[in-house]
Every structure is written in structure tokens, then in C-alpha cells.
Amino acid sequence: MHQDKVIYQIYPKSFKDTDGNGFGDLPGIISKLDYLKQLGIDIAWLSPIYPSPQYDNGYDVADYTAINPLFGTMEDFDTLVKEAKDRGIGIMLDMVLNHCSTEHEWFQKALAGDKYYQDFFYLRPAKDDGSLPTNWESKFGGPAWEPFGDADLYYLHLFDVHQADLNWHNPNVRRELFDVVRFWMDKGVQGFRLDVLNVIGKSEDFVDSTGGPSSSQEKGLYTDTPIVHEWIHELNKATFGDDPNLITVGEMSSTNVPNGIKYTNPDREELTMIFSFHHLKVDYENGEKWSNPEFDFLELKEILNEWQEGMSDGGGWNAVFYNNHDQPRANSRFGDVENFPYETATMLAQTIHFMRGTPYVYQGEEIGMTNPMFDDIEDYADIETTNNYAIMLENGKTHEEAMEIIKAKSRDNGRTPVQWSDEPQAGFTTGEPWLKVAENYPEINVEKELKDGKIFNYYRDLIQLRKDHPIVSQGSYHGFALDHPAIMAYSRHLDGQDLVVLAHYYPGEATIDIPEEFLGRNYQRLIGNGDCEELSNQVTLKDYETVAFLIEA
Ligand code: TEU
């Protein structure tokens with residue numbers, strides 16, 4: 001049963017270094033398993049740990065069935081699986097099956113002229129007028145086609161130039177990739193996170209987009225196409241579908257609720273759950289990530305509500321989350337980490353953990369880690385950031401304007417090393433970390449948090465409540481007061497019981513009317529981060545306050 005599980009994401013490069021080379025490693029993860037057990041999580045998802053030139057931090061895989069020496073050895077991996085299992089924790093691996101590194105043997109053989117491997121990729125000639133095969137834009141900026149050696153052909157890369165899209169139409173590609181999944185199943189992993197899985201179904205007739213670069217019209221040409229469902233079903237049947245305990249989560253870029261239901265309704269035998277990202281675009285100006293407006297709270301509520309209700313009605317299942325390695329820290333983004341660090345972190349966590357779906361905790365959020373606010377562009381390593389810094393300057397932004405945006409939006413915000421203690425480099429490494437540690441580590445670190453903090457314990461309580469109360473894992477979802485400008489409110493229902501969850505997203509006080517149906521019944525305050533104890537017809541919440549009430553049938 002996956003509904004009562006909580007998944008913790010580890011970004012191995014930044015988690016814990018044991019050999020002093022500045023990169024986190026597998027022994028580092030092993031050394032922190034007791035910490036994860038203390039938190040109470042069920043599964044640890046590891047971002048890619050395979051050999052890779054690291055242009056995209058491992059999402060450019062050069063060998064799918066080996067371990068990057070940066071992170072350790074296959075023996076370390078086997079030890080990790082075993083040690084985790086001994087503590088009741090399963091390991092979930094990241095499968096990057098849409099594209100591989102241009103250093104992968106398949107791409108190298110293709111470049112050397114091997115026709116069999118050339119058919120593993122999308123290779124196309126220029127148009128008659130000499131322009132690129134299509135006008136598509138890479139998701140990391142710039143054109144989506146790059147010259148393929150000196151062959152007068154171009155290869156497709158929806159992401160970085162070092163990430164060549166794999167041609168899933170070729171059955172040999174699918175067979176190879178399914179073998180990869182089986183290889184790791186045989187190693188005893190308990191789950192797979194499947195990178196950008198909904199863009200594997202490009203049509204073989206490549207046509208120009210008419211809606212402009214990166215428009216939704218353009219994305220529609222290669223996103224959620226009907227064949228994606230067929231191939232995921234095929235993947236399921238050929239691999240993880242055999243094992244009812246295996247949990248899968250598809251990362252679905254720009255998807256919608258009807259497709260979300262198809263991907264996850266168990267009758268269709270595709271995936272356990274999906275990530276969708278619309279709720280993390282509420283601080284984009286006109287859909288543009290590289291901008292920095294105030295977030296639109298009503299839109300945030302509307303989107304979460306649409307996914308919660310839609311997936312519930314259609315028998316689908318959501319992965320619920322605010323943080324991952326591609327996102328700025330949610331507490332820096334939606335709250336006030338200077339004045340209300342505890343209230344902000346716990347309020348955001350409560351919003352997520354009581355929704356219908358499987359909650360994800362991203363490393364460091366359980367101690368309230370924040371965006372690092374680096375002023376210097378040199379301190380950012382991410383290709384998406386550096387590409388877009390150049391694009392912003394080209395488009396006329398000043399260095400200062402670009403930096404304000406990067407400080408708020410860069411993916412590196414979530415990737416700085418985990419702050420373990422107040423020792424040098426936050427106890428992450430004895431060497432030079434690959435990415436700078438945030439300066440606030442003397443105040444925000446695991447050691448201090450476990451001694452006298454309250455955020456970690458709040459996460460632990462939220463996780464435990466999911467185990468103790470079936471309504472949290474199984475209940476249906478219903479949103480209310482959707483037009484309230486400051487409070488997010490929803491309820492969950494199971495066997496006559498109701499759970500009412502309130503979360504105030506702003507400083508100061510805000511009052512909300514509670515619907516009749518929840519009043520005049522026996523209830524208990526399940527958990528909260530402030531003083532509010534009573535469920536009456538009006539409830540007032542203070543700065544970033546959250547509370548949940550369990551109401552008896
Ligand atoms: O991300 C897919 C993706 O498109 C986004 O999450 C993207 O990083 C974001 O929209 C940028 O604004 C996945 C991985 O999570 C990411 O780390 C990889 O870079 C990407 O795929 C390519 O493999």
C-alpha cells in the first residue's frame with residue numbers, strides 16, 4: 001500500500017561527503033540512514049548516481065547500470081540497499097529514460113557512423129532553406145537541435161546539448177531501457193522516479209511550432225501524446241508491474257489532470273503516481289520563469305485544488321510536494337524565513353502532508369534550509385541558470401536585475417550542501433564543496449535543530465499522523481473558501497470522519513468562516529504551529545499559522 005508512505009529526496013551530490021572530494025557520496029548517505037529513520041520516512045529517492053560528465057548533475061547519464069566513482073562503488077550501493085532495508089527504508093532510483101549523455105556509448109557509436117545506434121536518436125537534416133529541422137526551443141534555453149558531428153544532420157535535445165533525446169519508436173531502445181530497469185530491480189530497489197517521462201512520445205514527423213518558442217502549443221507537439229501511455233504501459237508490463245510493492249513516480253512536465261488520471265489510475269497499469277508542476281509556476285510573470293513577481297496565492301490554491309479534486313474523482317494519485325532539486329526553497333518563496341522561519345516551514349509542510357497523495361520531503365526542508373542568496377553569478381553552477389543569465393543580459397536586463405531573479409529562481413537554491421552542523425562547510429565535507437554552503441549554516445543545521453529546534457519534530461509528527469490516521473492517507477479531498485485571500489482551507493473525509501486543515505500564508509491575523517457541517521461535533525486539535533485550539537464558526541490564525549482538527553463521525 002503506497003498511500004501511507006512518505007518519500008524523502010536525496011540529491012547525492014549535496015547530501016554528505018565522506019572522502020573530502022567535495023561531492024556527497026553513497027557512504028555519506030549510509031552514515032545518515034539513522035537520521036532518516038528518526039524522521040520516519042519510508043523511501044529514499046536518490047537523484048542520479050550513474051557515471052555522467054555532470055553537465056546536468058547526473059541527469060546526463062553515460063552508463064545506466066554502473067555507479068559514478070564520484071559517489072562510490074557498486075558495493076557501496078549494495079550496502080546502502082541492505083542497510084536501508086534493515087531500517088525499514090526502501091531505495092528509489094532516478095531513471096532518466098528520455099535522453100542520455102552524449103558521452104554514452106550509444107551516442108558515441110552513432111557519431112562514429114554505426115547505423116544501428118544512429119537509430120537510437122532523432123537525427124534529422126536541416127530544412128531546404130538551411131534552417132534547423134524545427135524551430136523548437138530547448139527547455140534550458142537556445143535551439144533544441146545541435147549539429148551531429150560532421151554528418152550534415154542535427155540531433156534533438158529537449159534539454160541540454162549534452163542530453164540527446166532517445167528514439168523510443170525504435171524497439172531496440174525500449175528493450176535496452178527496460179533491461180536497465182530490470183537490472184536495478186534485481187538489486188533490490190523499491191521504487192523508480194522516472195525523469196520527464198511524458199515527453200518520450202515525439203512524433204517522427206517533426207513539424208515547426210506555430211505558437212512561439214517554449215509556448216504551450218510547442219510543448220503540445222511532444223508532451224502527453226497518446227503513445228506515451230502505450231509505452232509506459234509496456235514499460236510497466238516488462239518491468240515493475242511484476243512487483244506490487246514497487247512504487248513508481250513519473251515526472252510529468254506541463255501535463256494536465258485528464259492525463260494525470262490516465263498515468264496513475266491503477267486499472268491502466270502505468271504508474272503509481274506523478275509529479276506535476278503547475279502550482280510551482282505561480283510566481284512566473286506571464287508564464288516566464290526568469291521573472292520575480294509576488295506569488296499569486298489564489299492561483300496557487302486554485303491549481304492545487306484542481307489537481308486534488310480532479311485526481312480524487314478520477315481515481316488517480318498525486319505526488320504532493322513544494323520542494324525538489326529543480327526548485328527554489330519553498331519557505332524562501334512563499335513565506336518569511338527571516339521573521340517566521342518555524343511558522344513558515346511547518347505551515348507549508350502541513351499544507352502538503354495532509355493533502356491526498358504521497359508527500360515528498362526534499363533534503364534540508366525538514367530543518368528549514370533556505371535559498372542561499374549568493375550575489376555572485378560565479379557561485380551558481382547550474383546550466384539552466386548560467387544559460388538564462390546570458391539570455392537575460394542579451395535581452396537587456398542589467399547584471400543586478402538578472403541576479404535578483406537568479407537569487408529567487410535558480411535551481412541551485414535547492415542544491416546547496418545539506419547543513420549538518422556549525423563546523424566548517426556545515427559538516428558537509430572536509431574539502432571544498434562543489435557548490436558553496438549557504439552562509440546561514442551556523443543558525444540552521446541538523447545538529448542544532450535536533451537539539452533545540454522544532455521544525456524537524458513537526459515533520460516527524462506529520463509523518464506519524466499519516467500512519468496513525470487512515471483519513472490522512474485514504475480520505476477523499478474537498479477544498480473550501482477558495483476565494484479567501486490569505487488562508488488555504490481544505491477537508492478530508494473517511495467513514496464519516498472529517499479532517500479540517502487551515503493554513504495562513506501571510507503575516508498578521510486572518511479570520512475564516514468554518515462551514516456548518518464541521519461544527520457542533522466532537523473534535524480534537526490534531527496538530528498546529530500556533531495558539532489556535534478551537535474549531536468554532538470563525539477561526540482566526542496568526543502569522544503563518546496552521547492547524548488541523550479531526551472531527552468525529
Ligand atoms: O526536470 C525536468 C524539467 O523540465 C524541470 O523540472 C526543469 O528543471 C525546470 O522546469 C526548470 O525550470 C528533470 C530533472 O528533474 C532535472 O533536474 C533535469 O535537469 C531535467 O529533467 C533533464 O533531465
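In this predicted model, lysine 32 lies over the face of tryptophan 420, 4.2 Å from the ring centre. A second arrangement of this kind involves lysine 454, whose charged end sits over the ring of tyrosine 342 at 4.1 Å from its centre.

Aromatic rings also meet one another, and the structure holds 39 aromatic pairs. Take phenylalanine 107 and phenylalanine 148: their rings are edge-to-face, with 5.5 Å from centre to centre and 90 degrees between the planes. Phenylalanine 107 belongs to helix α4 (residues 105–111), while phenylalanine 148 is in the loop between β6 (145–147) and β7 (154–156), so this pair ties together parts that are 41 residues apart in sequence. Both phenylalanine 107 and phenylalanine 148 are buried.

Phenylalanine 140 and phenylalanine 159 make another edge-to-face pair, at 5.5 Å centre to centre and with 65 degrees between the planes. Here the partners both come from loops: phenylalanine 140 lies between β5 (123–124) and β6, and phenylalanine 159 between β7 and β8 (163–165), so the pair ties together parts that are 19 residues apart in sequence. Phenylalanine 140 has a relative accessibility of 5% and counts as buried because the cut-off for that class is under 20%. Phenylalanine 159 is buried as well, with a relative accessible area of 9%. Elsewhere, aromatic residues gather in a group: Phe295, Phe297, Tyr322, Phe334, Tyr505 and Tyr506 form one aromatic cluster.

Turning to the sheets, eight strands build an open sheet with parallel pairing, in the order β11-β10-β9-β3-β2-β1-β13-β12. At its edges are β11 (273–275) and β12 (319–320), each of which pairs on one side only. Within this sheet, β3 (residues 90–95) and β9 (residues 191–194) run parallel and are paired over four bridges. Methionine 92 stands opposite glycine 191 of β9.

Another open sheet has three strands, ordered β5-β7-β6, and its pairing is antiparallel. The edge positions go to β5 and β6, each pairing on one side only. Between β5 and β7, which run antiparallel, there are two bridges. Arginine 124 stands opposite tyrosine 154 in β7. The strands of this sheet also frame the loops already described: phenylalanine 148 sits in the stretch between β6 and β7, and phenylalanine 140 in the one between β5 and β6.

Then there are the pockets. The largest pocket has a volume of about 1200 Å³. It is lined by 45 residues, and Lys139, Lys219, Tyr284, Lys289 and Glu384 are the closest to its centre. Two elements, α7 (216–220) and α13 (383–394), give two or more residues to this lining. Of these, α13 gives the most, with four residues. Sorted by class, the lining of the largest pocket has twelve nonpolar, 18 polar and 15 charged residues.

Lysine 219, one of the residues closest to the centre of the largest pocket, has its place in helix α7. With a relative accessibility of 23%, lysine 219 counts as partly exposed, because that class takes in values between 20% and 50%. From lysine 219 to serine 421 the C-alpha to C-alpha distance is 43 Å, and the two are 202 residues apart in sequence.

The second largest pocket has a volume of about 810 Å³. Its lining holds 35 residues, with Ser332, Arg333, Val337, Asn371 and Met373 lying nearest the centre. Helices α11 (330–334) and α14 (399–409) each supply at least two residues of that lining. The largest share, four residues, comes from α14. By class, the lining of the second largest pocket divides into 15 nonpolar, six polar and 14 charged residues.

Technical notes:
Residues numbered from 1 in each chain as written. Predicted model: local features only at pLDDT ≥ 70, side-chain atom pairs only at ≥ 80, totals over all residues. Heavy atoms only, no water. Phe/Tyr/Trp six-rings, centres within 6.5 Å; stacked < 30°, edge-to-face > 60°. Buried < 20%, exposed > 50% of the residue type's maximum accessible area, 1.4 Å probe, protein only. Lys NZ or Arg CZ within 6 Å of the ring centre and 35° of its normal. Pairing = 2+ DSSP bridges. 1 Å grid on protein atoms, 1.4 Å probe; cavity = no way out; pocket = protein on both sides within 12 Å on 5 of 7 lines; lining within 4 Å. Points joined across faces, edges and corners; volume = space filled by probe spheres on them. Nonpolar A, V, L, I, M, F, W, Y, C, P; charged D, E, K, R; others polar.
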